[in-house]
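Here is a friendly walk through one chain, from its overall layout to a few backbone details and the surroundings of its ligand. Take a look at the model first.

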Amino acid sequence: MPALDTGRHFPPRPVDDDEFFADASARLGALHTPDGGFIDDPQLAAHNLATAAQRHGAAFRWKTPVTAVMRRGGRVRGVRLKDGTELSAGVVVNAAGPWSGQLNRLAEVGGDFTATSGSPSSV
Ligand SMILES: Cc1cc2nc3c(=O)[nH]c(=O)nc-3n(C[C@H](O)[C@H](O)[C@H](O)COP(=O)(O)OP(=O)(O)OC[C@H]3O[C@@H](n4cnc5c(N)ncnc54)[C@H](O)[C@@H]3O)c2cc1C
């Protein structure tokens, strides 16, 4: 990965420390992440996770986009799906990945977020 800076900067320093911009003390030869892993079949991995979630009571509604986030008194009370079904929920978790910004806009939240994600068409 030639784009990586292999400079060794240690220990971590706060940005206002005089040493923050100091040159690297050495060069790293390798990076070992013992807790990392390699998945050569992400579709199978996602399927396995979905099956495990189902075993714990999760239900999936494939190809059914959320088109509205319903609110009452400033609180989320559920979501409406494209087929018109309304699902009530006291808590809605936004796991829409690159589309999470769009879902936040449906939920009318995110105006005060310091980090945002754009829609795929704007990336
Ligand atoms: C080309 C490419 C290659 C990548 N390669 C790697 C890699 O090799 N290794 C790696 O670790 N990561 C890789 N990534 C990154 C990885 O895919 C993402 O980090 C990961 O998928 C994010 O997971 P997520 O669950 O947050 O979002 P996603 O996997 O994007 O899932 C979001 C889901 O929300 C759904 N959704 C969105 N809006 C709505 C809505 N309104 N209603 C209902 N559902 C909705 C979408 O259909 C999607 O299924 C790659 C990404 C890309 C684009």
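Starting at the N terminus, the elements follow the order β-β-α-β-β-β-α, where helices (H or I, at least four residues) and strands (E, at least two) are DSSP runs numbered from the N terminus. The chain has a radius of gyration of 22 Å, well over the 14 Å that the globule rule gives for 123 residues, so it is more spread out than a compact globule. That radius is taken over C-alpha atoms, and the globule rule is 2.2 Å times the number of residues to the power 0.38.

Before going further, please keep in mind that this is a predicted model, in which local features need pLDDT of at least 70, side-chain atom pairs count only at pLDDT 80 or more, and totals for chains, interfaces and linings use all residues. Residues are numbered from 1 along each chain as its sequence is written.

**Overall layout**

Along the principal axes, the C-alpha atoms occupy a box of roughly 60 × 35 × 30 Å. Of the 123 residues, 3% count as buried; a residue is buried if 20 or more other C-beta atoms lie within 10 Å of its own, exposed if 12 or fewer, and partly exposed in between, with C-beta atoms placed from the backbone. Among contacts between residues at least 6 apart in sequence, 9% join residues at least 24 apart, a contact being two residues whose C-beta atoms, placed from the backbone, lie within 7 Å.

**Backbone details**

A cis peptide bond, with omega about 0°, links F10 to P11. P11 sits in the loop between β1 (7–8) and β2 (26–27).

Two non-glycine residues with positive phi are set side by side here:

| Residue | Phi | Place | C-beta atoms within 10 Å |
|---|---|---|---|
| K63 | near 50° | loop between α1 (42–55) and β3 (66–72) | K63: 6 others, exposed |
| E108 | about 55° | segment after α2 (100–106) | E108: 11 neighbours, exposed |

**Around the ligand**

Which residues surround the ligand? They are P65, V66, A95, A96, G97, P98, W99 and L103, where near means that the C-beta atom, placed from the backbone, lies within 6 Å of the molecule. By class, this shell holds seven nonpolar residues, one polar residue and no charged ones. For these classes, Ala, Val, Leu, Ile, Met, Phe, Trp, Tyr, Cys and Pro count as nonpolar, Asp, Glu, Lys and Arg as charged, and the others, Gly among them, as polar.
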